[in-house]
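Trainee: I have a new structure open and would like to learn how to read it. Could you walk me through it, one feature at a time?

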Amino acid sequence: MNLNDFEKTDYNGLYVSKVAHVTYGRKYVARFQYDKKRYVKVLGYSKKDNITKRDAITLMNNYKDSIVMAQEEAPKIEVLNENKTTLPAKEYEKVVSQNKEMKDLLGDYKSLDKNVMRDGIRKIYELEELKHYQIELIKLQDYLEKENKRMIILFEGRDASGKGGAIRRITRYMNNKHYRIVALGKPDDTQRNQWFFQRYIQHFPTGGEMVLFDRSWYNRAMVEPIFGFCTQEEHEIFMEDVVNFEQDLVRQGMILIKLYFSVSKDEQKRRFDRRIEDPLRQWKFSEVDMQAQDLWGEFSEKKYEMLRRTNSRSAPWHIVRSDNKFLSRIEAMKIILNSVDYDGKNYALNFEANDKINISVQRELMQMRKSANY
């Protein structure tokens, strides 16, 4: 195998062929070194084996684990330290003690799926990191109440882009007396004959309150025209009116934050597949979800138009790449926290945008002109 035919991915040790085979697609290869030995393995093809980069990472990690386990289970003649001398008794006792502590914590870990265990441990560290920003969100909420400020946060994005999960983490420790989550269903006959924005306005926050819209009036920019829930004329009227509508809200003191969770096509498919297979998630999969992949191009066209025409200085869009759920939630929290100069802000925390996750509208539009993957 000639490595000149492959290029590195952004994941250490994972390579992918530069040229895709007509039938098999691109080849994924793992190449790494362990215990002074080099290992190379073909993981599969994107078309033939229907594997994505995420699948390839999982296969590579499983292969690495098998190598490590085989090495650890091999018989050892002597316990040595780095100087090739016998490990001192105190250090040996320390290792044994640490091993026992880990076993006590993990319990019967050998009966668990290694991937499930790895994900569980990773989530523990992620939850601890999130808590620092969740503390800041409580400070922000206290500030809004104290100053009688009103805040609206819009969560938009394709199906399975991570909007609901982000909302749950953002509000996890907040005082539920001062925030509301609004997720409106289909309008009834009365609402269909009202001014379009009217059914949203009745849910707007009062002084000291935050309202989080899980999908918003931007349904009329993407979902409704694609599925025929509005006419082309109604869609165009909305696109012409919404910027002025939002500018009026901001001018009257509303803090308006617009988040667009941008998931890739491959990741959306992976999440849909998981919903179908997992009985705990099957309720999330709807008839609309079934059409999301087939209508990807149509949604891309509407998304492009929406971002281009409705991004304004007073109410800008914030694009959050959401293939990595944890990082997207962190960035969404940063965007919200950076929108207000609240009291007691912990400046020791990192509030700088991760430019691989939190990207500008211009960059997203440029990417979409090159590829419809987002």
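Mentor: Gladly; we will go from the overall picture to single residues. Keep in mind that this is a predicted model.

Trainee: Let's begin with the whole chain. How many helices and strands does the chain have?

Mentor: There are 13 helices and 10 strands. For the overall dimensions, look at the C-alpha trace, which spans about 80 × 55 × 35 Å along its principal axes. The chain has 374 residues, and 40% of them count as buried.

Trainee: What does the chain expose, and what share of that comes from carbon and sulfur atoms?

Mentor: The exposed area is about 22300 Å², with carbon and sulfur atoms supplying 49% of it. You can also ask how far along the sequence the contacts reach. Among contacts with a separation of 6 or more, 68% are between residues 24 or more positions apart.

Trainee: Now the sheet. In what order do the strands of the open sheet come?

Mentor: To read a sheet, follow the strands from one edge to the other. Here six strands form an open sheet in the order 6-7-5-8-9-10, with mixed pairing. Strand 6 (179-182) and strand 10 (358-359) are the edge strands, each pairing on one side only.

Trainee: In which sense do strand 8 and strand 9 pair?

Mentor: Strand 8 (residues 254-262) and strand 9 (residues 317-321) are parallel, and five bridges join them. To find one of these places in the view, look for leucine 259, whose bridge partner in strand 9 is histidine 318.

Trainee: Which strands does helix 12 touch?

Mentor: Helix 12 (residues 325-338) packs on the sheet and touches strand 5 (150-157), strand 8, strand 9 and strand 10. The direction of helix 12 makes about 160° with that of strand 8. Helix 13 (residues 361-370) packs on the sheet too, touching strand 8, strand 9 and strand 10. In that case the angle with the direction of strand 9 is about 55°.

Trainee: Next, salt bridges. What is the general idea?

Mentor: Side chains of opposite charge can pair when their charged atoms come close. In this model the count comes to 27 salt bridges. One of them joins arginine 26 and glutamate 7, with the closest N and O atoms 2.9 Å apart.

Trainee: Where do arginine 26 and glutamate 7 lie in the chain?

Mentor: Arginine 26 is in the loop between strand 2 (14-17) and strand 3 (27-34), and glutamate 7 is in strand 1 (residues 6-8), so the pair links parts of the chain 19 residues apart. Arginine 26 is partly exposed, at 28% relative accessible area, and glutamate 7 is partly exposed as well, at 34%.

Trainee: What does the salt bridge between arginine 215 and glutamate 156 tie together?

Mentor: Arginine 215 sits in the loop between strand 7 (210-214) and helix 7 (223-227), while glutamate 156 is in strand 5, so the pair ties together parts 59 residues apart in sequence. The N to O distance is 3.9 Å. Glutamate 156 counts as buried because its relative accessibility is 2%, and the cut-off for buried is under 20%.

Trainee: Are glutamate 224 and arginine 220 buried or exposed?

Mentor: Both are buried, and their side chains meet in a salt bridge at 2.8 Å, N to O. Salt bridges can also form networks, as with Arg54, Glu267, Arg270 and Arg271.

Trainee: What is asparagine 219 in contact with, leaving aside its neighbours within four places in sequence?

Mentor: Asparagine 219 touches Glu156, Tyr200, Glu224 and Pro225. This residue lies in the loop between strand 7 and helix 7 and is buried, with a relative accessible area of 13%.

Trainee: And the surface: which residues make the nonpolar patch?

Mentor: Ile121, Ile124 and Tyr125 make a nonpolar surface patch of about 330 Å². Tyrosine 125 belongs to helix 3 (residues 114-147) and counts as exposed at 62% relative accessibility.

Trainee: To finish, how far apart are threonine 23 and methionine 333?

Mentor: They are 310 residues apart in sequence and 43 Å apart in space, C-alpha to C-alpha. Threonine 23 lies in the loop between strand 2 and strand 3 and is exposed, with a relative accessible area of 53%. Leaving aside neighbours within four places in sequence, threonine 23 is in contact with Lys47 and Lys48.

How values were computed: Residues are numbered from 1 along each chain as its sequence is written. This is a predicted model: local features need pLDDT of at least 70, side-chain atom pairs count only at pLDDT 80 or more; totals for chains, interfaces and linings use all residues. Side-chain values use heavy atoms; hydrogens and water are left out. Two strands pair if DSSP finds at least two bridges between them. Helices (H or I, at least four residues) and strands (E, at least two) are DSSP runs, numbered from the N terminus. Contact means heavy atoms within 4.5 Å. Axes are lines fitted to C-alpha atoms, for helices over the stretch in contact, and angles run from 0 to 180 degrees between N-to-C directions. Patches are made of residues with over 30% relative accessible area and no salt bridge: like charges are joined within 9 Å, nonpolar side chains (Val, Leu, Ile, Met, Phe, Trp, Tyr) within 5 Å. Accessible areas come from the Shrake-Rupley method with a 1.4 Å probe; for residues, only the protein chains shown count as cover. A salt bridge is a side-chain nitrogen of Lys or Arg within 4 Å of a carboxyl oxygen of Asp or Glu. Buried means under 20% relative accessible area, exposed over 50%, partly exposed in between (1.4 Å probe, protein chains only).
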